[in-house]
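Thank you all for coming. I would like to walk you through a structure that may be new to you, and I will take it one part after another.

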Amino acid sequence: METTLVENLPQVTAAGVIIKAVLILAIISALAGFGTFIERKVLAFMQRRLGPMHVGPYGLLQIAADGIKLFTKEDIVPQHANALIFKIAPIITAATAFIALAAVPVFPDFTVPEFIPLLGGTFVPSIASDLNIGVLFVLGMMAAGLYGPLLAGMAQANKWGILGAARTAVQFLSYEVVTGLSILAPIMIVGSLSFVDFNDYQTAGIGSWMIWQQPVAFVLFLIAGFAETNRTPFDLLEHEAEVVSGYATEYSGMRWGMFFIGEYANMITISVIAAIVFLGGYDAASTFGWLTIMLKIAFFFFLMLWVRAAWPHVRPDQLMWLCWKVLMPLALLNILITALVLLG
Amino acid sequence: MSLEQFKNRNVGTQNYTTLDVGTPPETGTDKFLQIIRRAVKGELFVGLWVVMRTMLQALFKNDMHTVKYPLEKLPISPRYRAIHDMLILLESGNYRCIGCGLCEKICISNCISMDTRYDENQRKEVSEYTINFGRCIFCGYCAEVCPELAIVHGPRYENASEQRAGFSLFEDMLTPIDKLNLQQEYDGFGAISPNADENIKQTPLAY
C-alpha cells in the first residue's frame, strides 16, 4: 500500500520504527502525566481556583511528585481477588492505548544526525506503522482497551468494581456502534482507511476540511470519542459520586497509574484522529504543518477538559438511550445520505 | 404571619405556589419533540460559555477565590470565640484582671483555675491563672461574666500544638505574642505521672 507521502522519502528501517516506538512511548507517557497537570489547572481556573501551586513554579513539578507517590505506594492485591487478572488488567489498558498510537501519525519525521554513533542516518518515520487499515486498527485497539476496566472490575472482588465493570460493558456496547458508523461516512468519501490518505484528501486549505462535508459525522464522532475515553458526560465507569471509583476502586500505586496513563493516551489518540479525519490534519508541505496539528490536538484535549468543567454526566440508561435511539439512527441516516450523494 | 401557619403541617391545606415546569410528555411523539427542542436549544453551549468566562476572568482579571491559607488569612469576626486573650491596661501596663474569681465560678467545664494574693500595696493581684484548653468548650461564659473586660476571646484559632501542656499557662496563652519566649513547661491535663520514668522496665535486647 503505497501512499503519496511516503514515495519520495527514505527507506523505513526496523531501527527507525523501533526508535519511533520508543519515542511515542516516552513522549506520550510524559504528555499523559502533563495532561493531568493541565486538567487540574484548567478545572481550577474554571472554578476560580489556583490549582496545584506549591511544587515547583506554578505547581509544574506536581507531576514529578505524583509520579514519585505512585511508584512508591504500596501495591495491594485484595484477598479474594483473582490476582492474575487483577494484575493484567491495567497492562491491557495502557498497552492497547499505546498500540493504537502505532498507526497514528504523531510528531514529524526526521533523520537521526550522522554524529550519533550506531543510529546515525536512520530515518524515523512520522507514523510507526502506516497500515492500510489504520482507522480500523486504531478503533479496534481502543475498543480492546475496554477489556482493562472490564476485567479489572470483575477480578477485584468488590461490589463497586463489579458495578464499574457492568457499566463498562454497557458503555462499550453503546458507543462502539456510533464510533464505527460515524467515521464510516468520511471513509466512504476518501475511499481509504489510511490516516495519511485522510490527511492528503484535505490539503487544499480550510475549505477542504472534512468537517464541512460531514458535520454530523464530526459531532457524532466527538460524542462517541468522549464515551470511548470515559470523559465527563459519559464517565460512568468510575464516577466517584455513584460507584466510589468504579473499576479502579481496589487499585493503588502504579497499577492505578497505568489506567490513568492509558486513559490520557486514549484522549490524545482520539484528539489526533479527530484532527486528522475532520480538521485537515497536518500540512506536510508547509513548514508549520506539524504546529497546526499540534494546535488542533491541543484544542480537542482542551475541549475534553472544558466539557468536564461545564456539563453534568448522564446516567447509564440515558447513555444507552442516547447511543441506540438517537446517535445510531443519525449515523445511519448520515451514511445513507452520503452514499446517495456519492452515487448520484 | 402567625405561628399557627408554621405549625400547620397538613400537606395540601397550605397555599403553595407551583413553578411553571410544564407537563411531562405523554406520547412518544411529544417525547421526541421535547428532545428535539432541547437538542437545538443550545443550552449546553451556554454552559460552556459560563465556565469559559469564569476561566478568562480568573486568568486575566485575577478573579480568584483561592486563599493561600497559611500565607494569607480571611478576616475573622470579632465575635469569634477562639483562644482567650487577657487584656492589659494600656496606660499602666497592669493586667485588667482584679482577681474576683467570677470566671472560675461560672466555668461550666471547670477548666479555669486561679489563685490570688495581696501584693505589697495591699492590692489584689493574680498569682496564678490557668485555662485548661484540653477541657475548655469555648462557651464564652468567662468573657461574658468578667466585670473588668479582662478576659476576652481572641481571634487566634490555630490551636494545634505538639503537646497539650503547651496551651494552659497564663504566660503561654493569655499574654501578647512577644512574651512567648517566657513559655514554661507545664504538666497539663492528661499528662503522665511524675514518676513515669520509674515505672518503665528495661526490656532485654536479646531473648
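**The cores, the chains and where they touch**

Let me begin with the largest nonpolar core, which has 90 residues, and in which Val104(A), Val138(A), Ala265(A) and Ala274(A) are the ones that touch the most other members. If you ask which element gives the largest share of this core, it is helix 12 of chain A, residues 253-277, with 15 residues. Please keep in mind throughout that what you are looking at is a predicted model.

It is worth pausing at Val104(A), and asking which residues Val104(A) touches once those up to four places away in sequence are left out. They are Ile127(A), Val138(A), Phe195(A), Thr269(A), Val272(A) and Ile273(A), and you will recall that Val138(A) was itself named a moment ago for touching the most other core members, along with Val104(A). Apart from this core there lies another one, of 13 residues, and among them are Cys97(B), Cys107(B), Ile131(B) and Cys142(B).

Stepping back to chain A as a whole, its secondary structure comes to 14 helices and two strands, and its C-alpha atoms fill a box of roughly 55 × 55 × 45 Å along the principal axes. The radius of gyration of chain A is 21 Å, which agrees with a compact globule, because a globule of 344 residues would be expected near 20 Å. Of those 344 residues, 43% count as buried. As for the contacts in chain A with a separation of 6 or more, 80% of them are accounted for by residues 24 or more positions apart.

Now to the place where the two chains meet: nine residues of chain A are in contact with 14 residues of chain B. On the chain A side, the elements that give two or more residues are helix 2, residues 14-46, and helix 13, residues 289-310, and it is helix 13 of chain A that provides the largest share, with three residues. By character, the residues on this side divide into seven nonpolar, two charged and no polar ones.

Finally, let us turn to chain B, where strand 2, residues 112-118, and strand 3, residues 124-131, pair in the antiparallel sense over seven bridges. Within this pairing, Asp115(B) has Glu128(B) of strand 3 as its bridge partner. The two strands form a hairpin with five residues between them, and in the turn Gln122(B) has a positive phi of about 55°.

Conventions:
Residues are numbered from 1 along each chain as its sequence is written. Chains are lettered from A and ligands numbered from 1 in the order in which they are written. This is a predicted model: local features need pLDDT of at least 70, side-chain atom pairs count only at pLDDT 80 or more; totals for chains, interfaces and linings use all residues. Helices (H or I, at least four residues) and strands (E, at least two) are DSSP runs, numbered from the N terminus. The radius of gyration is taken over C-alpha atoms; the globule rule is 2.2 Å times the number of residues to the power 0.38. A residue is buried if 20 or more other C-beta atoms lie within 10 Å of its own, exposed if 12 or fewer, and partly exposed in between; C-beta atoms are placed from the backbone. Two residues are in contact if their C-beta atoms, placed from the backbone, lie within 7 Å. Ala, Val, Leu, Ile, Met, Phe, Trp, Tyr, Cys and Pro count as nonpolar, Asp, Glu, Lys and Arg as charged, and the others, Gly among them, as polar. Two strands pair if DSSP finds at least two bridges between them. A nonpolar core is a set of buried Ala, Val, Leu, Ile, Met, Phe, Trp, Tyr and Cys residues joined through C-beta atoms within 7 Å.
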